[in-house]
Amino acid sequence: MRVVDEELNQIIHRARRGDKEAFAQLVKRYKGHVYRYAAGMLGDRMDAEDVSQEAFIKVYYSLSGLDNAYAFSSWIIRIVSNLCKDRLKKRAKEQRLRDEPDETIADQHLPDPLEKLSIEEAMARLTVDHREILLLHEVQGYRYEEIADILEVPLGTVKSRLFAARMALRKELGKEDRG
């Protein structure tokens, strides 16, 4: 494991000096990780691909600002997380602009009580914070301390948010059983 860390550290140092081949190695090594996180947050493959590309562009131009090469994994996920949150805010704003209130039409956002939910659909109904913490811990496998670092929140917040997220997901999936 330590050899892998040292190898990554060397790749990052070479990429910082402008070695394009080293940067390509970073992209190759992290592209799946970045894409899976973005896809989980956004629930849309095209948006996930766009955000992934945007994240690597940001990484390329910001790599010199990375203080600790050993924190690269947390740092890149923080970049992707911020890009996903920006994309979700933009979507919500666009949705509000498209929706014109019409009281004669049933609210299309109310869940159909007979609708069956997959885990992916249930995740999409969670808040951004809940979705993010479940992805980081349950899907990506980050430890509490790493998540606290990525999200820049105290360890206690990570634990309580994860508990609340699990309860919210259970509630969403429970709707399926009652439906």
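This passage describes the helices, salt bridges and one loop residue of a protein chain.

The model is predicted. Its protein chain contains eight helices and zero strands. Read along the sequence, the pattern is therefore α-α-α-α-α-α-α-α. The chain has 179 residues, and 36% of them count as buried. Its exposed surface comes to about 11500 Å². Carbon and sulfur atoms supply 52% of that area. Many contacts bridge long stretches of sequence: among those between residues at least 6 apart, 64% join residues at least 24 apart.

Salt bridges provide examples of such links. The count in this model comes to 13 salt bridges. One of them pairs arginine 91 with aspartate 47, and the closest N and O atoms are 2.7 Å apart. Arginine 91 lies in helix α4 (residues 72–98) and aspartate 47 in helix α3 (residues 45–62), so this pair ties together parts that are 44 residues apart in sequence. Arginine 91 is partly exposed, with a relative accessible area of 28%. Aspartate 47 has a relative accessible area of 17%. Buried means under 20%, so aspartate 47 counts as buried.

A second pair involves the two helices just named. Aspartate 50 forms a salt bridge with arginine 87, with 3.9 Å between the closest N and O atoms. Aspartate 50 belongs to α3 and arginine 87 to α4, so the bridge ties together parts that are 37 residues apart in sequence. Aspartate 50 is partly exposed, at a relative accessible area of 37%. Arginine 87 is buried, at 18%. These residues also belong to a network: Asp47, Asp50, Glu54, Arg87 and Arg91 are linked by salt bridges.

Helix α4 takes part in another link. Arginine 78 forms a salt bridge with aspartate 149, and their closest N and O atoms are 3.8 Å apart. Aspartate 149 lies in helix α7 (residues 144–151) and arginine 78 in helix α4, so the pair ties together parts that are 71 residues apart in sequence. Aspartate 149 counts as partly exposed, at 38% relative accessibility.

Helix α6 was examined for its length. The helix holds 12 residues, from 128 to 139. At 1.5 Å a residue, these should span 16 Å. The expected span uses one less than the number of residues, because the span runs between the two end C-alpha atoms. Those end atoms are 15 Å apart in the model, which agrees. Several residues of α6 are buried: His130, Arg131, Glu132, Ile133, Leu134, Leu135, Leu136 and His137. An α-helix has 3.6 residues a turn, so residues three or four places apart point the same way. In α6, however, the buried residues listed include neighbours in sequence, such as Leu134 and Leu135.

What follows α6? Glycine 141 does, and its phi is positive, near 80°. Glutamine 140 is placed in the loop between α6 and α7. Is glutamine 140 buried or exposed? Glutamine 140 is buried, with a relative accessible area of 14%.

The contacts of glutamine 140 reach back along the chain. Leaving aside residues up to four places away in sequence, glutamine 140 touches His33, Arg36, Tyr37 and Leu135. Tyrosine 37 is 103 residues away in sequence, yet the C-alpha atoms of tyrosine 37 and glutamine 140 are 7.5 Å apart in space. With histidine 33, the link is a polar contact between the two side chains, at 2.8 Å.

Terms used:
Residues numbered from 1 in each chain as written. Predicted model: local features only at pLDDT ≥ 70, side-chain atom pairs only at ≥ 80, totals over all residues. Heavy atoms only, no water. Helix = DSSP H or I, 4+ residues; strand = E, 2+ residues; numbered from the N terminus. Buried < 20%, exposed > 50% of the residue type's maximum accessible area, 1.4 Å probe, protein only. Salt bridge = Lys/Arg side-chain N within 4 Å of Asp/Glu carboxyl O. Contact = heavy atoms within 4.5 Å. Areas by Shrake-Rupley, 256 points an atom, 1.4 Å probe, with all protein chains shown as cover. Polar contact = N/O pair within 3.5 Å; in protein donor to acceptor, adjacent residues only side chain to side chain.
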